[in-house]
Amino acid sequence: MPQDMMIVRIWREALKNYALGLLINTTAVLAITYILSGGPSRFVQTWSACALLLMLIRFLQFMYAARRYRQTRTFFPVDKVCLSLGLLLAGTLWAGLGWWGIAHYQGTQQFAIIVILSSLAGGATGTLSALRIVGKAYILLLLLPACVRLYQTGIPFFVTLSLLGVVFTGVMLFSHQNNYKLVRRSVRLMLSNKELVDEVSTLADELKHENNALEARVEERGNDLLRLAYHDELTGLLNRHGVSNLVKYFGIMPGNVTVFFVNLDRFKQINDSMGHAAGDDVLRQIAQRLDGLASRLSRDIFSNVDCQVGRWGGDEFVFYLSQLGEDSLPPEDVGQLIRSEIGNRMKVAGKIIYIDASIGAVSERDCDNPNNLFQYADIAAGEAKRTGRVVLFNPAIREQLTRKSILAQDLRMAIANRQLSIATQPIVSAVDHQTVSFEVLMRWTHPEFGPISPEEFIPVAEETGIIVELGDWVIEQAIAASAGLLLPGRDARAKVAVNVSLHQLLQEDFVDKLLKVSRDGFAAENLIIELTESVFHENEIEMVKQVLFRIKNLGMEIHIDDFGTGYSSFSRICELPIDAIKIDKAFIQSSDEKNITIIEAVVFIAQRLKIRVIAEGIETLQQAERMQALGVNELQGYFFGQPVSTPVPAHAS
Ligand code: C2E
Ligand code: CA
Ligand code: CA
């Protein structure tokens, strides 16, 4: 505890009592003046005038010192000296009264002086208790001169009184000292209390500070978690959770809400060929473009539009559009805007690439429940992938979906319920138009919907995996039917070509099944496996290669179907044991001369590779002649024969 602080506090205590002391002093001066006024000399008047003047000066001094203390919270030495001096002077005046008064007054007046001096000394033990030396000097000044004077009278009573006075003085000094100690102790206690309070409040402040910092950290962490929970780390866009929430809160708001589902085309190829870092870069750039478009639409172009963008996952983005008022943007136009924004040239890993997207949209008006918005938009995007246009979800699509799910369901029982059959279509030599083989095509007659095109049910079968069962069934049927499919003019079995899907090909026991078929008396070389270009898919190529070589070893032929519509390349074809390629009918039927050039090139390369070329979709003699002129080996199409229902011998089915 600092000593200065103690002194200041003790002086403050002294100052507190100073005014009271002055008041008592002034009262005593007035009282004694009154009592002694009828006395023998003018001494009292002079003394009283000096005393009152001194009281006034001391009062002014007190006021000044008190003000200075209030302002500075400290006591200046000059103030301390002046206050002490004022007290000692007052004591001296009282000493003068005792010295002179005891000798010059008698009886009651003499006693009045003694009583007043004793009372003042008694009072001083309390009021001056804070002033250790000055207080005691004041008491001594008050009592000692009077005692000496009493003693000097020699009168035994006064001598006794004087001795009593000395004892009384001693008691007063003792009690003053005790009071002084008390003051000191209480000040010390007060100060240590204050120190404690200060310490506690500092601690409380520190605690509060820590607490605030902790709260801020918790809030920051909470925000981080919230951001992570609702945002996609790679692109910074809202994630699936964030977008779903958006619809939860805004999807039911007034205004017309349209959700666009954006599915990047061939993104997997980019990932596979350029690496995942490049794939990430593409996603980031697409995110930026969509975000830029969203803010341009909502900020710069249309004030009544609100757009949000999110990443649904993988290569799928969601574009959320909410429009107020009648004058709204047609969703097809917005879809096109999104598509062209994505379609702009893009630089990735130092290369320029172009990306397309399949975009499906659904308007809130066409959606029974806001929770289905994304599902329907996704469905529309799936449709867009097939059609290559921006597709707006409508009830017809929903009906199609319902039909699709019914078909998927019913297809499971189609074999058992004998609803499936096969049709065969001849494939002829381009030179003499003699049949060389038959393609076997699956047919399904649904009890409710009637005949269903394979274009419709084969994709459903592939999606649901039923294609494996159906495919096996077709191979069995094809082989059984082949007994009746004789080559014209010869008593030999015709070759049969069956369509095999990738899913089926990748079944572990697929080759074993083929092996079994050829052991059952059917010549393996009479079976042609038609595969679409999906078999060239990077991911499965090694596996496909193995299977194809095993099939080839069995003696069967392998043809690539729908050539030109997928990703096949001649370099891939070189690696695989391919016997023929079947150019897609779109090339044959097109009137575009460019397609003829393509066919020419294909034939040229195929001849070098010793691979036969088949043209499908021949509907006219002109087409047939042209293909022959181009060097195509075999032809297939309505011109030579439509697919006809082919019965299977009873024992074989
Ligand atoms: P695809 O393998 O390309 O079969 C040829 C399709 O073209 C057949 O349609 C056939 O009827 C049709 N076509 C033949 N000649 C002509 C023509 O001159 N003009 C026109 N416009 N079309 C012609 P289909 O039978 O409707 O089969 C469609 C597709 O369904 C097939 O295309 C094939 O990809 C698939 N498919 C059919 N049966 C099977 C099967 O058993 N297994 C698998 N995996 N797919 C099958
Ligand atoms: Ca085919
Ligand atoms: Ca084909």
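## Aromatic pairs

Two rings of Phe, Tyr or Trp count as a pair if their centres lie within 6.5 Å. This model is predicted. A search of the whole structure turns up 16 aromatic pairs.

Take Phe260 and Phe319. Their rings meet edge-to-face, with 6.1 Å from centre to centre and 75° between the planes. The pair links distant parts of the chain. Phe260 sits in strand β1, and Phe319 sits in strand β3, 59 residues apart. Both Phe260 and Phe319 are buried.

Now take Trp444 and Phe457. This pair is edge-to-face too, at 5.6 Å centre to centre and 85° between the planes. Here a strand meets a helix: Trp444 belongs to strand β9 and Phe457 to helix α13. The two residues are 13 apart along the chain. Trp444 has a relative accessible area of 1%, so it is buried. Phe457 is also buried, at 0%.

Rings can also gather in groups. Trp11, Tyr69 and Phe75 are joined into a cluster by ring pairs.

## Charges over rings

Rings have charged partners as well. The charged end of Arg149 sits over the ring of Trp99, 4.2 Å from the ring centre. Arg403 lies over the face of Phe449, at 4.6 Å from the centre of that ring.

## Salt bridges

The structure holds 24 salt bridges. One of them joins Glu463 and Lys404, with the closest N and O atoms 3.2 Å apart. Glu463 lies in helix α13 and Lys404 in helix α12, so this bridge ties together parts that are 59 residues apart in sequence. Glu463 is exposed, at 56% relative accessibility. Lys404 is partly exposed, at 25%.

Another bridge joins Asp472 and Lys513, at 2.3 Å from N to O. Asp472 is in helix α14 and Lys513 is in helix α16, so the bridge connects parts 41 residues apart in sequence. Asp472 is buried, with a relative accessible area of 16%. Lys513 is partly exposed, at 29%.

Helix α16 covers residues 510-519. Lys516 forms a salt bridge with Asp520, at 3.8 Å from N to O. Lys516 is exposed, with 54% relative accessibility. Asp520 is exposed as well, at 57%.

## A salt-bridge network

Which residues are linked in a network of salt bridges? They are Lys495, Glu557, Arg612 and Glu634.

Technical notes
Residues are numbered from 1 along each chain as its sequence is written. Chains are lettered from A and ligands numbered from 1 in the order in which they are written. This is a predicted model: local features need pLDDT of at least 70, side-chain atom pairs count only at pLDDT 80 or more; totals for chains, interfaces and linings use all residues. Side-chain values use heavy atoms; hydrogens and water are left out. Rings of Phe, Tyr and Trp (its six-membered ring) pair if their centres lie within 6.5 Å; planes under 30 degrees apart count as stacked, over 60 as edge-to-face and the rest as tilted. Helices (H or I, at least four residues) and strands (E, at least two) are DSSP runs, numbered from the N terminus. Buried means under 20% relative accessible area, exposed over 50%, partly exposed in between (1.4 Å probe, protein chains only). A charge sits over a ring if NZ of Lys or CZ of Arg is within 6 Å of the ring centre and within 35 degrees of the ring normal. A salt bridge is a side-chain nitrogen of Lys or Arg within 4 Å of a carboxyl oxygen of Asp or Glu.
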